[in-house]
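Got your viewer open? Let's take a short walk through this one, picking a selection at each stop.

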Amino acid sequence: MARPAFAKIDLAALRHNYERLRTLHGGRALAVLKANAYGHGAVRCAHALTDIADGFAVAFLEEAVALREAGINAPILVLEGMFDAHDLQVAQELELWIVVHHEAQLRMIELSACTTPLHVWLKLNTGMERAGFAPEDAAAVHSRLVSTGKIEQIILMSHFARADEPDSEATAAQIERFDNATAGIAGDRSLCNSAGVLAWPDARLDWARPGIALYGADPIPSGEHGLLPVMTLESRVFAVRDLQAGEALGYGARFIASRPTRVGLVAMGYADGYPRTAPEGTAVMVDGQVSGIIGRVSMDMLTVDITDHPSTGIGSRLELWGPRIRVNDVAHASGTIAYELLCNVKRVPLQYSQEPLVHTPKLESAAA
Ligand SMILES: *Cc1c(COP(=O)(O)O)cnc(C)c1O
């Protein structure tokens, strides 16, 4: 029998989330598929969205090339833009949209012998303090681009540093800086990542760029926005072990039984992307009941306490995260964020379904 560990991907939930986010934002939305669609499989996700999405975004050129090779003809924006002149040539050939965020990239365009007109997203640094032109240079950079004669369209964009903190003033300041810097410049505008779409109505402009929320992980801590989890990380109990009080379990003997304890051994480890830092008590769902991890997560397996679940045994099904165990909660307990957990999913086969896997009544009413 094959190892019973899977990441099930609910493509109907992905479509639901895309439409919900685009409706909330208004205008158009690029579905962000970088990092293999946050671990969900970029090609399959692109195909699942292709009839409804306005376009896609990836981090770098090779990701875009892979989508084109898989037959995705929709617009694809390359968020980091090009690294050298060759990238620019490939982007042109494949009709990719490119972000231009620093002087060297601008020079590449000026010096290139390109023939087909480029579709450029001009990125301004309004407070992320990472990539982007200074807001005060926006007009000058814009007219340099225009004067190359190689540009078909310029979309003005910026990226938020703290949009997931609804109480922070930083995002309002970024919106204001963006508005001031781009006043009087023609063209579409784009500010919102997922948290922007969900929490910052003033930032909803022509184009949204949602990533994490597409996959159903709400970036706002208290969020209840009717998003459906797309991935269910699943496995089964493959052995049961009884510990006497005082006996230790697993690496580092991190868990010592304080009472007679039934332990379920589960085929899922950090080599699959389940975080090794998950502490004792991190929730899992076993046969529909909440239980907790005990002992250290190891490379290929982890252990759960099934003492209070007498009907649980070999073959019992586990949800590590999904509709019932929120990936945000596992991430929080493990000292990281859902983005990292989802991106890290590997080795387990991805299984796709078009039909919703599970819809809890709560989520359905929130989505209505
Ligand atoms: C990754 C990324 C996004 C999507 O961010 P989420 O927080 O996942 O919604 C949007 N815009 C840019 C520029 C990005 O790099």
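A word on terms before the first stop: domain bounds here come from an automatic or database domain assignment. Keep in mind, too, that this is a predicted model.

**Stop 1: the two domains.** Select residues 11–215 and give them one colour; that's domain 1. Then select 231–353 for domain 2 and pick another colour. How far apart do the C-alpha centres of domain 1 and domain 2 lie? The answer is 37 Å.

**Stop 2: where the domains touch.** Now look at the region between your two colours. Nine residues of domain 1 are in contact with eight residues of domain 2. Together the two domains bury about 900 Å² between them, and carbon and sulfur atoms account for 67% of that area. Show Y38, H40 and I212 as sticks: on the domain 1 side, these lose the most area to domain 2. Between them they make up 50% of what that side buries.

**Stop 3: helix 1 against helix 3.** Select residues 11–25 for helix 1 and 42–49 for helix 3. Their axes sit 10 Å apart, and the packing angle is about 60°. That angle makes helix 1 oblique to helix 3. The crossing here is right-handed. For the contact itself, turn on side chains for L11, L14, R15 and Y18 in helix 1, which meet R44, C45, A48 and L49 in helix 3. Sorted by character, the residues of this contact are six nonpolar, two charged and no polar.

**Stop 4: helix 6 against helix 7.** Move on to residues 103–111, which are helix 6, and 138–147, which are helix 7. This pair packs at about 20°, with axes 9 Å apart. Angles under 35 degrees count as roughly parallel, and helix 6 and helix 7 are therefore roughly parallel to each other. Is their crossing left-handed or right-handed? It's left-handed. Show E103, L106, R107, I109 and E110 from helix 6, then V141, R144 and L145 from helix 7, to see which residues meet. The residues of this contact split into four nonpolar and four charged, with no polar ones.

Definitions and conventions. Residues are numbered from 1 along each chain as its sequence is written. This is a predicted model: local features need pLDDT of at least 70, side-chain atom pairs count only at pLDDT 80 or more; totals for chains, interfaces and linings use all residues. Side-chain values use heavy atoms; hydrogens and water are left out. Axes are lines fitted to C-alpha atoms, for helices over the stretch in contact, and angles run from 0 to 180 degrees between N-to-C directions. Helices (H or I, at least four residues) and strands (E, at least two) are DSSP runs, numbered from the N terminus. Angles under 35 degrees count as roughly parallel, over 145 as roughly antiparallel, 65 to 115 as roughly perpendicular and the rest as oblique. A crossing is left-handed if the near helix is turned anticlockwise from the far one by less than a right angle, and right-handed if clockwise. Contact means heavy atoms within 4.5 Å. Ala, Val, Leu, Ile, Met, Phe, Trp, Tyr, Cys and Pro count as nonpolar, Asp, Glu, Lys and Arg as charged, and the others, Gly among them, as polar. Buried area is the accessible area (1.4 Å probe) that two parts lose on being put together, summed over both.
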